[in-house]
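Visitor: I am new to this structure and would like a close look at a single part. Could you pick a helix, show me how it begins and ends, and then lead me outward from there?

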Amino acid sequence: MAAQMTDGHRRFLQVLMSHGIMEGSVARTLHKDCCEIHKVYYAHDKLDDFISVVNLHLQPLFMQIRKGMSEDDGRTYYALVNLAETEITKMASDYTENELELFRKTMDLIILSESGFASSTNILNLADQLKTKKMKKKEAEQVLQNLVQDKWLSERDGEYTLHTRCIMEMEQYILNNYQDLARKCNICRSLAIQSQICETCGIGMHLPCAGKYFKAQTEPHCPHCNEFWPHEIPEINRPDSQLSSSASTERRGPSASGTRRR
Amino acid sequence: MAPKRCSKWPDPSQEEGLAQEEEEEDFALTQRSSQVQRNLQRLSGAQVDQKVSELVQFLLVKDQKKIPIKRADILKNIIKDYKDVYPEIINRAGRTLQQVFGLRLVEIDTKHHVYILVSDLVRLEGENLKQDHLTARLGLLTVILSFIYMRGNSAKESDVWDMLKRLGVEPRKPHKLFGDVKKLVTVEFVQQKYLEYNRLPSTDPAEFELQWGPRAAKETSRMQILQFVAKIQSKDPKTWSTQYSEAAAEVLSCSSSPPGDVGGDSQGPRRRKPSVSSSSPHGAL
């Protein structure tokens with residue numbers, strides 16, 4: 001089976017690359033448009049196959065279109081990621097050495113925190129302790145803004161966490177470098193930056209995964225140690241709008257109402 | 001994690017001093033293909049593949065930010081010890097970019113060896129328009145390019161500011177979308193090769209003029225800009241006979257670049273493929 005790149009695939013790739021990351025339904029619309037414009041065979045539920053063709057050609061370049069889940073709403077996202085684990089290649093040419101150091105230290109704060117968030121105050125306090133070159137608070141604020149704009153971080157109420165795109169791109173890197181300090185979701189087994197944690201045995205779950213797992217249970221119990229699950233279970237609003245990307249073995253979560261942990 | 005240094009704004013004083021280095025480099029890099037083939041023998045396929053991949057990624061990352069890529073940077077950051085097979089690596093990288101991404105590696109400055117990536121695919125109006133700060137900038141740029149073109153391919157900087165002032169954009173006032181507009185127009189757009197900013201001789205105090213840069217010429221065309229202007233003013237493009245004949249001549253001479261008239265209007269320079277938002281205020285033109 002010759003999996004040829006067509007202009008439809010190339011257009012999809014160009015647009016995805018310009019966005020960096022794209023939500024599932026947007027990707028599906030793009031798939032449809034690209035096939036229509038270039039008169040390529042189109043089946044509405046074959047987006048993953050379409051992407052596999054692109055990935056076949058991206059493989060020798062150590063790149064891939066990866067499918068992931070947002071920790072906030074459980075929706076599916078697609079992003080073009082770098083498979084090389086040794087450095088933050090994509091970031092490296094956009095940021096100076098001390099900016100990268102600030103980002104790494106911010107990532108430390110985020111991953112080591114319980115909530116998966118680091119406050120802006122704590123991050124800015126790091127600015128004048130940088131080893132490469134000290135940074136003023138004003139400068140650091142601008143760097144944080146750039147990181148948010150470039151989708152490495154996302155911000156909520158003055159607190160920062162890793163953007164879905166960043167998690168998708170750096171999951172392997174984080175797991176390798178932080179090892180046991182980085183939590184994995186007990187349900188889907190992927191890296192969890194924001195999570196609900198069992199106070200007895202310490203296992204953690206993504207909020208959308210918890211929402212799905214504990215759905216409609218009046219007395220939720222930890223799947224590992226069976227103790228009462230002490231957190232508010234996020235509500236599932238509606239079944240995820242993707243009808244049929246069932247061919248994939250990727251994890252996907254339902255839309256959760258993003259209830260914040262206590 | 002090994003961070004890499006980057007210099008965000010190229011240092012202009014380095015440009016002139018490079019001349020001799022470049023000459024020596026040229027000699028080393030433009031060997032006959034038979035010599036390159038012999039040089040390839042000593043390397044494993046995997047080694048060369050690795051370099052090609054690294055170069056492709058490097059080019060993509062730089063181009064996403066619309067930074068033109070200098071050969072000197074390619075050699076320093078990617079090629080390193082593989083200079084003697086540079087022609088092979090760059091050719092394969094170019095082919096990969098076309099086959100996988102539909103992007104063409106174009107040398108816009110053959111003297112200093114500067115490259116950009118241009119899409120092979122026809123751009124469509126309103127395609128997956130991502131409304132963000134970059135798209136807004138392209139709107140501003142389109143307005144400026146149009147003004148320059150309608151003024152006969154060159155416009156005095158002061159005239160451009162007068163025109164933009166009527167749109168609420170001023171060089172000395174921070175703009176909520178564009179920030180420091182003077183820097184955006186006279187520095188950033190120039191570095192990205194969308195505009196050229198030249199001093200007018202014998203002017204004191206110094207006056208400057210703005211013209212299209214090589215990237216603007218590659219990403220859009222005079223015909224597209226003229227159609228944009230015509231659309232705003234609800235007139236036939238042929239109303240401006242001088243501009244129309246110039247634009248037509250350009251279309252006829254560019255047989256390889258995508259005409260941009262397949263599948264609807266495509267106007268103005270673009271980011272990865274959204275077309276320029278036509279929400280730019282029209283009155284001034």
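Guide: Let's start at the N-terminal end of α9(B), which is capped by B:D180: one of its side-chain oxygens lies 3.3 Å from the backbone nitrogen of B:K182. Such a polar contact is a pair of N or O atoms within 3.5 Å; within protein, one must be able to donate a hydrogen and the other to accept it, and residues adjacent in sequence count only if both atoms are side-chain atoms. Please keep in mind that this is a predicted model, in which local features need pLDDT of at least 70 and side-chain atom pairs count only at pLDDT 80 or more, while totals for chains, interfaces and linings use all residues. Residues are numbered from 1 along each chain as its sequence is written, chains are lettered from A and ligands numbered from 1 in the order in which they are written, and side-chain values use heavy atoms, with hydrogens and water left out.

The helix itself covers residues 181–191 of chain B. Helices (H or I, at least four residues) and strands (E, at least two) are DSSP runs, numbered from the N terminus. Within α9 of chain B, the buried residues are B:V181, B:L184, B:V185, B:T186, B:E188 and B:F189. Here buried means under 20% relative accessible area, exposed over 50%, and partly exposed in between (1.4 Å probe, protein chains only).

What follows the helix? After α9(B) comes B:K193, with a positive phi near 70°. Most residues other than glycine have a negative phi, and most peptide bonds are trans. Further along, B:S202 also has a positive phi, about 55°, although it is not a glycine. B:S202 sits in the loop between β5 and β6 of chain B, and its relative accessibility of 82% makes it exposed. B:P205 belongs to the loop between β5 (195–199) and β6 (208–212), and the peptide bond leading to it from B:D204 is cis, with omega near 5°.

Two arginines in chain B are placed over aromatic rings. A charge sits over a ring if NZ of Lys or CZ of Arg is within 6 Å of the ring centre and within 35 degrees of the ring normal. The charged end of B:R215 is over the ring of B:Y194, 5.6 Å from its centre. B:R222, in turn, lies over the face of B:W212, 4.9 Å from the ring centre.

Now step back to chain B as a whole. It has twelve helices and six strands, and 47% of its 285 residues are buried. Its accessible surface comes to about 14,300 Å², with 50% belonging to carbon and sulfur atoms; such areas come from the Shrake-Rupley method with a 1.4 Å probe, and for residues only the protein chains shown count as cover. Contact means heavy atoms within 4.5 Å. Among chain B contacts between residues at least 6 apart in sequence, 65% join residues at least 24 apart.

What about the interior? A nonpolar core is a set of buried Ala, Val, Leu, Ile, Met, Phe, Trp, Tyr and Cys residues joined through side-chain atoms within 4.5 Å. The largest one has 49 residues, and those with the most contacts inside it are A:F12, A:L58, A:I65, B:L60, B:I74 and B:F101. Not counting residues up to four places away in sequence, B:I74 touches several residues, including B:L55, B:F58, B:I79 and B:Y115. A second, separate core of 33 residues includes B:W212, the residue whose ring lies under B:R222.

Finally, a glance at aromatic pairs. Rings of Phe, Tyr and Trp (its six-membered ring) pair if their centres lie within 6.5 Å; planes under 30 degrees apart count as stacked, over 60 as edge-to-face and the rest as tilted. Over all chains, a search of the whole structure finds six such pairs. The rings of A:Y213 and A:F214 have centres 5.1 Å apart and planes at 80°, so this pair is edge-to-face. A:F214 and A:W229 have ring centres 5.3 Å apart and planes at 40°, so their pair is tilted. Ring pairs thus link A:Y213, A:F214 and A:W229 into a cluster. In that cluster A:Y213 is partly exposed, at 37% relative accessibility, whereas A:F214 and A:W229 are buried.
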